[in-house]
Amino acid sequence: MSQTLLLVVILAAMALAFQLGRGRAIRTAGGPTGIKHLHSLPAYYGWYVAIWAGLPALLLLLAWIGLEERVITALLVQGLPAEMTQDLSEGRVGLLVNDIKNLATGGITSGDATPVVQAAAERYRRWTGIADAARWVLVLAVALAGLSVAWWRLAPDFRARNRVESTVLGILVLFSSIAILTTLGIVLSVLFESLRFFQRVPWTEFLFGTEWSPQIALRADQVGATGAFGAVPLFTGTLLISAIAMLIAVPIGLLSAVYLSEYASRRLRAWSKPTLEVLAGIPTVVYGFFAALTVAPFMRELGESMGLDVASESALAAGAVMGIMIIPFVSSLSDDVINAVPQSLRDGSYALGATQSETIRRVILPAALPGIVGGVLLAISRAIGETMIVVMAAGLAANLTANPLESVTTVTVQIVTLLTGDQEFDSAKTLAAFALGLTLFAVTLTLNVIALHIVRKYREQYE
Amino acid sequence: MNTTAEAIETSTANLKASDFDGDRTFEGTLGDITAAEARMECRQVNVWYDDNHAIREVSLDIGKHEVVSMIGPSGCGKSTFLRCLNRMNDTIPAAKVTGSIKLDGREVLDRGIDVVPLRAQVGMVFQKPNPFPKSVYENIAYGPRIHGLTNHREELDELVETSLKRAGLWEEVKDRLEQPGTGLSGGQQQRLCIARTIAVSPEVILMDEPCSALDPIATAVIEELIAELRQEYSIAIVTHSMQQAARVSQRTAYFHLGDLLEVGATGQIFEDPQHNLTRAYVTGRFG
Ligand SMILES: Nc1ncnc2c1ncn2[C@@H]1O[C@H](COP(=O)(O)OP(=O)(O)OP(=O)(O)O)[C@@H](O)[C@H]1O
Ligand SMILES: [Mg+2]
């Protein structure tokens, strides 16, 4: 609560600083008529003073909020009698500290409060009181100091605009680096865990081994469970399912995009495009049980009636449903690309006596091809990373096969099974998930980079 | 000299401000709209873009072995009229065309007719160059290929070369036939589009400001081409250059705010226009 109030006060100080700075700039220039002697517009002087009044104070407040609790807790633990804390585990100390704090704020404690604890609670209350007051005083002092420093520096030839703009730039850089650093952090953590995995299992075995059975003996005397970490069957499984998905999604998506953008009437377009996009809004888990409960049994029966042996969790069923899921992705991207082909090219072709289909085949599709390829590559990386459908419909058997009627497993499915259930965090089995994740990431990243590159190259053509 | 200027002064002195806005009453086209031997006959053609009545009751013939030039201020509907002649307005959903346009006696505006052979017969060069994002060679070869005009590579090579030569582009592009047509300069693209159109030998050629981005030398080449094409074909050309209209055309049509105000032999339009607005336009008093 007091934090919010303090924040409001800082904002008010900034507003005041803005007015002061702006007023002073105008006055030093000799009134509104003298504004042209200023280096920057008066508002920039206002902003400059406001930034000085607000930014350091806000940073201080942020740091204070982050550190206050920790410092007080440390002091509290130190203040407790040594014999009380020395043989308690870290968790127990935390509990004790919690008790003290609860007592201080009038909450419920876990047991009866001993005098020592009561004294500590008293101390805690006092310290937080002091900290609150100190925060107010310090933050306001910093705000005031910043304001006056900036205010004194104002002069007609002061380059306020440049200062303000570089501060704004700094803030923008800060925020974008947060996004980048988060990504980097994730990648690095996956990378380091993968390196730990590769210390136990050589990467050559991981990348080129053809047998996957990640069971590790829990007891030394267990038999038949040494674990094999050859990821090839997983990647071929992923590839097989993605290939089936693309075989379904690309023709259907592309042809429907051509129909919608070139042939369909405006009315039809108006309702069919949103309908297609609804397909994209269906949660993948719904597709998953659709695949497992409807499509897979149907395929098996169909196979039986033709005398084929279809596994109940066939790659075909999972791939087909995944393909359906990706159709709107392909069609909406292709539709955008086809629509981006300028009408003047169509006109040029028609005026030479070309039919509509000749124009589509020979002018529009070639012109849109780079964009379509980019869209398809993006769709492939989605298919490769797709998890839910394959978890439910593709099975767990790591078969090295190219037969779509058999059951296969994918990288994402194995990551899920490796990480769900009880296991030690640093077992080879768990670490294998990171290695799989890293490899998957590398593959999809490469695809995305290629796709984006192609799409960008295509864009340059018409702009 | 002075007297001519004075004559123009008096003849345009009674122009009223209302002549220049859309609320004028229009009593019909001055001059003779017919051609000696008509290839295309347009009667009472109207075009609307949604509610915008872009051209009104335009009637005009385009004769055999004739170049008709169309002049008039920007936005008066020259391109719109030209696009009616090969049904290119079909590609604009908002456009509605009424009236009658006949090519060799056959109605063009009939919904039932096949526009594909019509457009092969009535070729068009657009106001804005629109080369395909293909190589220079493929840009020219596109039309002959879809119409199956040639079956052999050598014939096609030769057709591409002669088309480019006639459009005055060959010398500039003969070493870069495989490079994209979109990479050419604006004027080169314009000539590429002309070459592309003549490669399929249309019998009527519609040219919408074909020389707008060309230097005088290239313009002379295109004007020569037009004179040569006239021996066999019919040409309608939109231009903003009075000199060009005077040089290349036999008849001239003056459009004004969607109306065809005056048609006549080119010499007569430029020397003795009937309508005040035509006179004002051709003498450079507005437009
Ligand atoms: N595609 C279109 N959609 C809607 N209105 C259009 C379209 N094309 C042209 N118009 C309108 O029709 C009128 C005539 O346009 P048009 O392009 O025929 O003029 P123009 O005589 O060729 O002019 P310019 O000399 O500038 O090329 C204008 O008012 C224009 O706004
Ligand atoms: Mg025009």
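## Polar contacts to ligand 1

A polar contact is a pair of N or O atoms within 3.5 Å; within protein, one must be able to donate a hydrogen and the other to accept it, and residues adjacent in sequence count only if both atoms are side-chain atoms. In this predicted model, local features need pLDDT of at least 70, side-chain atom pairs count only at pLDDT 80 or more, and totals for chains, interfaces and linings use all residues. Side-chain values use heavy atoms, without hydrogens and water.

B:Thr80 places a polar side-chain atom 2.5 Å from an oxygen atom of ligand 1. For the side chain of B:Ser79, an N or O atom sits 2.6 Å from a ligand 1 oxygen. B:Cys76 uses a backbone N or O atom, at 3.2 Å from an oxygen atom of ligand 1.

## The shell around ligand 1

Fourteen residues surround ligand 1 (a heavy atom within 4 Å). B:Ser74, B:Gly75, B:Lys78, B:Ser79 and B:Thr80 come nearest. H2 of chain B gives the most, three residues.

## The magnesium site

B:Ser79 (OG) and B:Gln127 (OE1) coordinate the magnesium ion, ligand 2, at 1.9 to 2.3 Å. Donors are N, O and S atoms within 2.8 Å of the metal (3.2 Å for Na, K and Ca); water is not among the atoms, so sites may look incomplete.

The two residues are 48 apart in the chain. B:Ser79 belongs to helix H2 (residues 78–85) of chain B; helices are DSSP runs of H or I, at least four residues, and strands are runs of E, at least two, numbered from the N terminus. B:Gln127 lies in the loop between strand E6 (122–125) and helix H4 (136–146) of chain B. B:Gln127 is partly exposed (between 20% and 50% relative accessible area, 1.4 Å probe, protein chains only), at 37%.

Definitions and conventions. Residues numbered from 1 in each chain as written. Chains lettered and ligands numbered in written order.
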